[in-house]
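Let's take a walk through this structure together. Have a look at it first, and then we'll go from the overall picture down to single residues.

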Amino acid sequence: MAEYILEMNHIVKEFSGVRALDDVNFKVRQGEIMAICGENGAGKSTLMNVLSGVYPHGEYSGDIIYKGEECRFRRIRDSEKKGIVIIHQELALSPYLSIAENVFLGNERKKNGIIDWVETRREAQTLLEKVGLERENVNVPVNTLGVGKQQLIEIAKALGKKADLLILDEPTAALNDQESKQLLDLMLQLKAQGMTCIIISHKLNEISYVADSITIIRDGHTIETLEKGKDDFSEERIIKGMVGRELTNRYPKRTDCPIGDVIFQVKDWNVYHPDDSTRPILKNIDLQVRAGEVVGLAGLMGAGRTELAMSLFGKSYGQKISGQVLINGKEVEMGNVQEAISQKMAYVSEDRKTYGLVLIDSIKFNMTLSALRNFFSRRGIVDQNSEAVKAEEYRRRINVKTNSIEQVVGSLSGGNQQKVVLAKWMLTQPDVLILDEPTRGIDVGAKYEIYTVINELAKAGKAIIIISSEMPEIIGTCDRTYVLNEGEIAGELRGEEMTQEAIMGAIMAHNNRKGEL
Amino acid sequence: MENAVKNQKKVNLSLKQYGMVLALIAVYLIFAVITGGKNMAPMTVNNIIMQNGYVIILGVGRLICVLSGNVDLGVGSVVATCGAVAGTLIVDYGVSSPLAMLASLAVGLLFGAFVGFFVAKLEIPPFIVTLATMLMGRGICYVILQAQTKGPLPADYTWVSTGFLPTIKIGAAADGTGGVYLICLIIAAVIAVLVVMGDIRGQKVAAKNGLPTIYTWQLAVKDAVIIGIETFFFYKLGCYNGIPIMLILVAIVVAIYHFITTQTVAGRQIYAMGGNAKAARLSGINTQKVFFWVYANMGLLCGLAGIVLSARNASATPKAGDGFEMDAIASCYIGGAATSGGVGTVIGAVVGAFIMGILNIGMSLAGFDTNVQKIVKGAVLLGAVTMDLLGKRKKK
């Protein structure tokens, strides 16, 4: 038997014509921790779904060779039987069931079809010891634990399935530093006991810490594999592999775009959690955006960026909201989305499928949805002619790749869906646009096109705010950026000052200041 | 000009849209064979409308609920209560028929607003709220009627469900038998012209805007089928008593709701909400308001159905309307509406109601046992929806 526990050869996977994975090849050694790195949308999660049988054999092409034999998984259960267990980004725990029940969810300890509770609790206790949670009571509901501990429960659950190959998809995304450290140390400890792990993470410092080898994926291709001790493991080196091209190529230049007067201003904005009126989410936010200016909102996950955008946009988030919003120098009240639209504000949500589009309806239907009342109707009756004409005009203008505006949005690729959402908000003729993760999960070509549209909007004198977790995107597209941390503005950077180091520096400094208080 | 015509993209007529119409014809023809043509008699054709008017009215209201992604279980009870109020006002208090009808509509609207308040403002799941109105409505109905049947109702009330449009008859024999009511023929001809004109206009608009047009021969076949059905229908009505008032009422309701769902902002908002409520809210749609009006509207149509039903029976009975919610919802789903919301048409629901109606009458004429009838109806509902969904899945 080879030293490799897993080989993936020539994996190709398409989604309605778009190649998410294109000839992916890599090998994992027995007992190592391999990291898979790549930008958002590079195909990491898709790859793991292929491996774990979420996409059954036949929906992809290529070979999976595990422990020396070719595997054709038809469902997750097949891969789990072989000892491949995936822990997804979103926790797969049932919140009101006990820890013990969750640990053996889908893998119940039973005798003759009847659950053996004694065995369940006893084994759950043993598994908790293995992941460092021996002090938890296995009978309490799992939602009484923090996210970090819940993530460890997920690992206990995987161990309960007798995993030989553990796949962790962004396991630390929702964890704080201390919790992350604990989880990474657990991974090292499991490795010492012979476990093989694949970890997907954006946090490059964590990868350098745990990984023995790093496979880099870009635009659905495997680019290279770096080995510990042989290759450079620095963050710069990994980023180079992930990005693989000069940053200037990725962001079209904005020329002839004069920056005018302040048209959007927020003063002393405070927002509390929608379910907990004592928990502040945003504190004393002040910001302003000028006509023709593109301003970034950088920050880590959970910094409150989306919450800020949504609370500004017709109070769609939070409670006990206080502060002032000025548009074109006048203070405006926006109690709901309809009023925000009338005040010429637009918000492109980070989650287009849940909050942006009606997937079962046509491109035309979606494009005109927000502007219908103000621009495409008279006395409540829709002017279908002008609606079709405008939708067609925008389809061409922002290059939605489809034959007809009657095509159902759900059948489009992510990039084209995002263009439809953009068109929807452009049609409301806003002065202020907030774009929340405007290029999440879409391919590089479509990203470029979206940046071009953003530039056009800026040239037309709109005030634009971009929220993005990809720092290069903020640096590449924005004139200026605010750094948000824990619901507060931690800093403001403009022009050349904007670097990844400076943004991270602002966050660290803010954390330190808070620590001193 | 010629060039433009040549460059025009041609597409096939989407048959899917008309699948249920074909099913309707098939069901009708099958029963024509089983009953030896009895279901083609003028009186039977007339009864399809008379007996199913309320199903169509409720089906339309129900469709709006289904489009918004919700259910209404209380329909039957509310219909009975509305009829009971009208009947009691007339029989016990001597109120005039028009006022009693208004009262019925008002009670329906009140019920609807009640449901709407709980669903929209307090965000209680519609399933629970309407389960409550189903129980409460039935109880209120029994209380109002003191568990008795109120009747008979006067002629100017029952006219709604039993009357005919006064008109001239042509080609009748000297004794008054035979012949056809002229108005029916005129209506048949007008509809034929409208159908053809509508398609011609649609093609022109499409061509002008550079959108694909449909093959002309396919449209011709489609129009021929539709005109054939409606001419047959109106001819048979003409051979009986002419145009029932019920038909006019139903036609007005269908026309109004067809217009609302296809041509208005409100209609668009209902579809958007059913398709994705979160996206609809962030697109500037006041989902609470839409919810409220969806249920208020359902109540109003229950009031109308209450009038129609009590008028047809010439009395108000506490058991009236039992199981109506099932007929109404079956019509929607047979007509292609999706249980998850956001998909469906008023015309589809009407076709669905006709399929149920033709089934009911056909099975009665063929002498099916009432229990067997239920089995058949259940099977048809399941079969229709299964085929619809399987077809959609294949397309993906």
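Start with how much of chain A is tucked away: 46% of its 517 residues count as buried. Keep in mind that what you're looking at is a predicted model. Chain A holds 19 helices and 24 strands. Its radius of gyration comes out at 25 Å, close to the 24 Å that the globule rule gives for 517 residues, so chain A is as compact as a globular protein of that length. If you drew a box around the C-alpha atoms of chain A along the principal axes, the box would be roughly 70 × 55 × 50 Å. Now take the contacts in chain A between residues at least 6 apart in sequence: 69% of those join residues at least 24 apart.

Chain A also splits into three pieces. Domain 1 covers 4–248, domain 2 is put together from 249–344, 431–446 and 459–517, and domain 3 covers 355–429. Going by C-alpha atoms, the centres of domain 1 and domain 2 of chain A are 33 Å apart.

Next, a sheet in chain A. Which order do its strands take? It's an open sheet of 4 strands, β14-β13-β16-β17, and the pairing is antiparallel. The edges are β14 (276–290) and β17 (330–331) of chain A, each of which pairs on one side only. Strand β13 (residues 262–273) of chain A is joined to strand β16 (residues 319–327) of chain A by 6 bridges. One spot to find here is A:V266, which stands opposite A:V325 in β16(A). Helix α10 (residues 305–312) of chain A packs on this sheet and touches β13, β14 and β16 of chain A. The direction of α10 makes about 80° with that of β14(A).

Three residues have a positive phi, and here they are side by side:

| Residue | Phi | Where to look |
|---|---|---|
| A:D268 | near 50° | in strand β13 of chain A |
| A:E437 | about 45° | in the loop between β21 (432–436) and α17 (444–459) of chain A |
| B:E123 | near 55° | following α5(B) |

Are A:D268 and A:E437 buried or exposed? A:D268 has 11 other C-beta atoms within 10 Å, so it is exposed. A:E437 has 21 C-beta neighbours inside 10 Å, and therefore counts as buried.

Over in chain B, helix α5 (residues 97–121) makes a nice check with a ruler. Its 25 residues, at 1.5 Å a residue, should span 36 Å, and the end C-alpha atoms are 35 Å apart, which agrees.

Another place to visit in chain B is B:D199, in helix α8 (residues 182–208). With 17 other C-beta atoms within 10 Å, B:D199 is partly exposed. Leaving out residues up to four places away in sequence, B:D199 touches B:L219 and B:D223. B:D199 and B:L219 are 20 residues apart in sequence, yet their C-alpha atoms are 7.5 Å apart in space.

Finally, where do the chains meet? The contact takes 24 residues from chain A and 19 residues from chain B. On the chain B side, α11 (265–275) and α12 (277–282) each supply at least two residues. The most comes from α11(B), which gives 6 residues to the side of chain B that touches chain A.

Conventions:
Residues numbered from 1 in each chain as written. Chains lettered and ligands numbered in written order. Predicted model: local features only at pLDDT ≥ 70, side-chain atom pairs only at ≥ 80, totals over all residues. Expected span 1.5 Å × (residues − 1). Domains from an automatic or database assignment. Buried ≥ 20, exposed ≤ 12 C-beta atoms within 10 Å, placed from the backbone. Contact = placed C-beta atoms within 7 Å. Pairing = 2+ DSSP bridges. Axes fitted to C-alpha atoms, helices over the stretch in contact; angles between N-to-C directions. Rg over C-alpha atoms; globule rule 2.2 N^0.38 Å.
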